[in-house]
Amino acid sequence: QVQLVESGGGSVQAGGSLSLSCAASGSSTGSYCMGWFRQAPGKEREGVAAISRSGGGTYYADSVKGRFIISKDNAKNTLYLQMHSLKPEDTAMYYCAATLCGGGWYLRPLAPPSYNYWGQGTQVTVSS
């Protein structure tokens, strides 16, 4: 079983950048498909970006496409999310998640039910 710990959140002005990290322990990130999700107050958790076990396949929500980049370093057991051109609507708690890849994940890589393991979250606040 993998344990996930996010870091790198903070406050930034609109147009700025932040980088999030998710450190995995207990198992290798190379065994998992992984993703980043966010949840704003009063809203449902939504998928932001996802990456395949090898890192060769990436998926993005339309709202972040062209601004966010997901990557993973399996040697360091770490998942990353680079966020650029941040907007106030990007403000949310950001979570990383992992799952043992199966056919269902490839059908819905940005859906929360596709994941079994979750971190505790890191807050991102973008001010206008």
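I take partly exposed to mean a relative accessible area between the buried class, under 20%, and the exposed class, over 50%. I keep in mind throughout that what I have open is a predicted model.

**Entry: Val 5**

I looked up Val 5 and found a relative accessibility of 46%, so I entered the residue as partly exposed. I then placed Val 5 within strand 1, which covers residues 3-7. For its surroundings I set aside the neighbours within four places in sequence, and what remained in contact with Val 5 was Ser 21, Cys 22, Ala 23 and Gln 120. I also took one C-alpha to C-alpha distance from here, to Ser 85, which lies 80 residues away in sequence and 25 Å away in space.

**Entry: Asp 73**

I turned next to Asp 73, which belongs to strand 7, residues 68-73. Its relative accessible area is 25%, and because the buried class ends under 20%, I recorded Asp 73 as partly exposed. Which residues does Asp 73 touch once its neighbours within four places in sequence are left aside? I found Thr 29, Thr 78 and Tyr 80 in contact with Asp 73. Closer along the chain, I noted that a polar atom of the Asp 73 side chain lies 3.0 Å from the backbone nitrogen of Ala 75. For a C-alpha to C-alpha reading I chose Ser 19, and I wrote down 14 Å in space against a separation of 54 residues in sequence from Asp 73.

**Entry: the whole chain**

I then stepped back to the protein, for which I list 11 strands and 1 helix. Read from the N terminus, the order of elements is β-β-β-β-β-β-β-β-β-α-β-β. The radius of gyration is 13 Å, close to the 14 Å given by the globule rule for 128 residues, so I describe the protein as being as compact as a globular protein of that length. Along the principal axes, I noted that the C-alpha atoms fill a box of roughly 40 × 25 × 25 Å.

Of the contacts with a separation of 6 or more, I found that 60% join residues 24 or more positions apart. Buried residues account for 43% of the 128 residues.

**Entry: surface and charge**

I entered an accessible surface of about 6100 Å² for the protein, with 49% of it belonging to carbon and sulfur atoms. How many positive and negative side chains does the protein have, and how far apart do the centres of the two sets lie? I counted 10 positive and 7 negative side chains, and I put the two centres 4 Å apart.

Notes. Residues numbered from 1 in each chain as written. Predicted model: local features only at pLDDT ≥ 70, side-chain atom pairs only at ≥ 80, totals over all residues. Heavy atoms only, no water. Helix = DSSP H or I, 4+ residues; strand = E, 2+ residues; numbered from the N terminus. Buried < 20%, exposed > 50% of the residue type's maximum accessible area, 1.4 Å probe, protein only. Contact = heavy atoms within 4.5 Å. Polar contact = N/O pair within 3.5 Å; in protein donor to acceptor, adjacent residues only side chain to side chain. Rg over C-alpha atoms; globule rule 2.2 N^0.38 Å. Areas by Shrake-Rupley, 256 points an atom, 1.4 Å probe, with all protein chains shown as cover. Lys, Arg positive; Asp, Glu negative; His and termini not counted. Charge placed at Lys NZ, Arg CZ, Asp CG, Glu CD.
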